[in-house]
Structure formats: structure tokens, C-alpha cells
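Please examine the sequence and the structure shown here. The account that follows leads from the strands to the core and then to the charged pairs.

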Amino acid sequence: MGRQHDQDTCVTVHLPYHPSSVRRARHLLAEDLRRTGVRESVVDDAGLVVSELLTNGLVHGSPNADRMIAVSWCLRPECLWLSVVDGGSVDELKAVQLNDHALSGRGLAIVDHVCDRWGFERSNGTRVTAELAYA
């Protein structure tokens with residue numbers, strides 16, 4: 001697992017392309033945000049969003065060349081920026097309408113509900129990003 005900090009208070013962790021990485025990413029994110037004094041409700045929301053984005057990447061994406069998946073977060077003045085990058089390629093990502101009978105497919109709808117904005121881009125894999133206000 002690699003971890004980088006830059007001057008913009010950003011962190012990137014490279015985790016194994018494995019379901020156990022969801023728990024690890026959530027733990028690292030929460031630990032880092034608590035250390036910087038972010039409110040617990042924001043820590044909880046951020047953990048939920050990273051879990052959903054990472055799970056989505058693991059289920060629908062593919063590993064990068066090193067069999068890893070990257071998770072990043074940046075504490076910016078206006079929001080917490082979250083990102084997951086896998087080695088796959090998608091043409092479209094959208095939140096589906098929630099219903100009481102679906103057994104899966106709620107991840108991006110949850111992200112859409114919790115976050116102020118989210119989106120994706122394809123460049124050396126698929127990067128899904130989300131912005132969460134914390135002020």
C-alpha cells in the first residue's frame with residue numbers, strides 16, 4: 001500500500017484490488033479526517049461515500065496494471081474531494097432510481113444524495129470523484 005501527501009492536504013492510497021480494501025480505505029480516511037478536526041458527521045458521510053465508490057470500482061471496474069485501486073481525498077477550503085481510480089473503462093455512470101425491491105445498484109444513488117456533486121472521467125482507467133461540503 002502506498003501513501004502520498006502533497007501540499008494541498010491531499011492523500012492517495014493504493015490498495016489491493018480486493019473487497020477487504022473497502023474497510024481499509026474507510027479506516028484510513030476516517031483516521032486522517034479526525035486528525036485534522038473534521039466533524040464526525042462529515043467523517044461518517046465521507047466513509048460511506050468512499051465505501052460506495054470503492055465497492056463500485058471493485059464490482060464494475062478492473063484493477064490497474066499493479067492489481068491495485070487508488071483512493072484519494074483532499075481537504076479543500078470549500079469541500080472534501082473524494083476519488084477512486086480503477087483500471088477499467090466505462091462509457092456511462094449514473095445513479096439509478098432507488099426502490100424498495102432492488103438488491104443492489106444503490107451505491108451511486110447514495111453518493112448522489114449525500115454529496116454536493118459527483119462525476120467520472122476516463123483517462124488511464126476510470127476516476128469517479130465526489131465533493132462533500134463540510135463547513
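The paragraphs below begin with one strand and work outward from there.

This is a predicted model, in which local features need pLDDT of at least 70 and side-chain atom pairs count only at pLDDT 80 or more, whereas totals for chains, interfaces and linings use all residues. Residues are numbered from 1 along each chain as its sequence is written, and side-chain values use heavy atoms, with hydrogens and water left out.

Helices (H or I, at least four residues) and strands (E, at least two) are DSSP runs, numbered from the N terminus. Buried means under 20% relative accessible area, exposed over 50%, and partly exposed in between (1.4 Å probe, protein chains only). Strand 4 (residues 80-86) is largely enclosed by the rest of the structure, because seven of its seven residues are buried. Its two faces are both covered: Leu80, Leu82, Val84 and Asp86 are buried on one side, and Trp81, Ser83 and Val85 on the other.

Two strands pair if DSSP finds at least two bridges between them. Strand 4 pairs with strand 3 (residues 68-75) in the antiparallel sense over six bridges, and four residues lie between these two strands in a hairpin. Here Leu82 of strand 4 stands opposite Trp73. Strand 4 also pairs with strand 6 (residues 126-132), again in the antiparallel sense, over seven bridges; Ser83 has Thr129 of strand 6 as its bridge partner.

Leu82 leads into the largest nonpolar core (buried Ala, Val, Leu, Ile, Met, Phe, Trp, Tyr and Cys residues joined through side-chain atoms within 4.5 Å). Of its 31 residues, Leu53, Leu54, Val71, Trp73 and Leu82 touch the most other members. Helix 2 gives the most to this core, with eight residues. Beyond its neighbours within four places in sequence, Leu82 has contacts (heavy atoms within 4.5 Å) that include Leu29, Ala46, Val49, Val50 and Val128.

The structure also holds three salt bridges, each a side-chain nitrogen of Lys or Arg within 4 Å of a carboxyl oxygen of Asp or Glu. In one, the closest N and O atoms of Arg35 and Asp32 are 3.1 Å apart. These residues are three apart in helix 1, so about one helical turn separates them. Arg35 is exposed at 53% relative accessibility, whereas Asp32 is buried at 8%. Arg34 and Glu40 form another salt bridge, at 2.6 Å from N to O. Glu131 and Arg117 form a salt bridge as well, with their closest N and O atoms 3.6 Å apart. Because Glu131 lies in strand 6 and Arg117 in strand 5 (residues 117-122), this pair ties together parts that are 14 residues apart in sequence.
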